[in-house]
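Work through the following exercises on charged side chains with the sequence and the model at hand.

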Amino acid sequence: MQKRSFRVFVVDDHTVVRRGLRAYLEMVDDMEVVGEAADGREALDGIAALVAAGRPPDVVLMDLLMPGMGGISATAAITERHPEMAVVALTSFGQADMVHGALQAGAAGYLLKDAEADEAAAIRAACRGEVHLNPAIAKQLSRSLVAPEPQTVNALTDRERKVLVLVAQGLSNRQIADVLLISERTAQTYVSNILSKLGVASRTQAALLAIREGIAPHPSVS
């Protein structure tokens with residue numbers, strides 16, 4: 001049986017960057033680039049056309065700093081209109097402050113443009129509903145993560161804290177269930193309760209909070 005390809009839409013205002021990402025992803029067996037755009041508005045139009053054609057992308061790689069409609073606004077629009085679609089933010093290290101806005105807008109993770117290419121890993125993780133944290137930027141971002149009404153891990157039960165640590169390690173609900181010897185549905189319930197108690201919108205934000213609070217280690221930088 002033929003392996004299903006992950007459909008990817010690339011958004012970046014630099015043509016060279018888009019071509020580079022497309023060239024890289026097209027060399028990966030389970031990746032298919034289904035479209036690209038130079039700004040947020042063009043991305044929304046292109047994604048809408050693909051949805052109408054029955055070929056929606058699974059993941060959108062989204063540059064954050066673009067003329068016209070930027071990446072944060074576009075991310076918010078995509079996650080609202082297409083909640084089944086995952087958005088992974090693309091950023092340079094100096095734009096770390098923008099990543100928080102992207103996560104609040106619904107981004108599933110983020111990548112550094114100048115890091116070694118791990119776009120494929122981030123795309124697969126996003127499609128599985130897992131957290132993908134770039135180690136270098138996670139350290140910087142976790143220090144400044146602030147919610148409108150800041151919550152701490154003290155609001156969690158011991159079991160929920162254990163689950164949160166596993167979430168911060170990038171484990172999926174199935175993997176968490178296997179580690180804790182519980183059902184996948186129970187693991188999903190724990191994760192939902194954690195997000196609600198911490199007042200965060202995504203697994204990525206929960207993971208960053210766990211790192212900031214010191215119950216999960218910073219990802220190691222290779």
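Helices (H or I, at least four residues) and strands (E, at least two) are DSSP runs, numbered from the N terminus. The model is predicted, so that local features need pLDDT of at least 70 and side-chain atom pairs count only at pLDDT 80 or more, while totals for chains, interfaces and linings use all residues. Residues are numbered from 1 along each chain as its sequence is written, and side-chain values use heavy atoms, with hydrogens and water left out.

**Exercise 1.** Determine how Arg 174 and Asp 178 are placed in helix H8 and whereabouts they stand in accessibility.

Solution. Arg 174 and Asp 178 lie four residues apart in helix H8 (residues 173-180), which means that about one helical turn separates them. Their side chains meet in a salt bridge of 3.4 Å, N to O, the term standing for a side-chain nitrogen of Lys or Arg within 4 Å of a carboxyl oxygen of Asp or Glu. Arg 174 has a relative accessible area of 39% and Asp 178 one of 47%, so each is partly exposed, a class between buried (under 20%) and exposed (over 50%), with a 1.4 Å probe and protein chains only.

**Exercise 2.** Trace the salt bridges of Arg 22.

Solution. Arg 22 meets Glu 26 in a salt bridge at 3.2 Å, N to O, both residues lying in helix H1 (residues 15-26), four residues apart. Arg 22 also meets Glu 36 at 2.9 Å, N to O; this pair links distant parts of the chain, since Glu 36 is in strand E2 (residues 31-37), 14 residues from Arg 22. Arg 18 joins Arg 22, Glu 26 and Glu 36 in a network of salt bridges.
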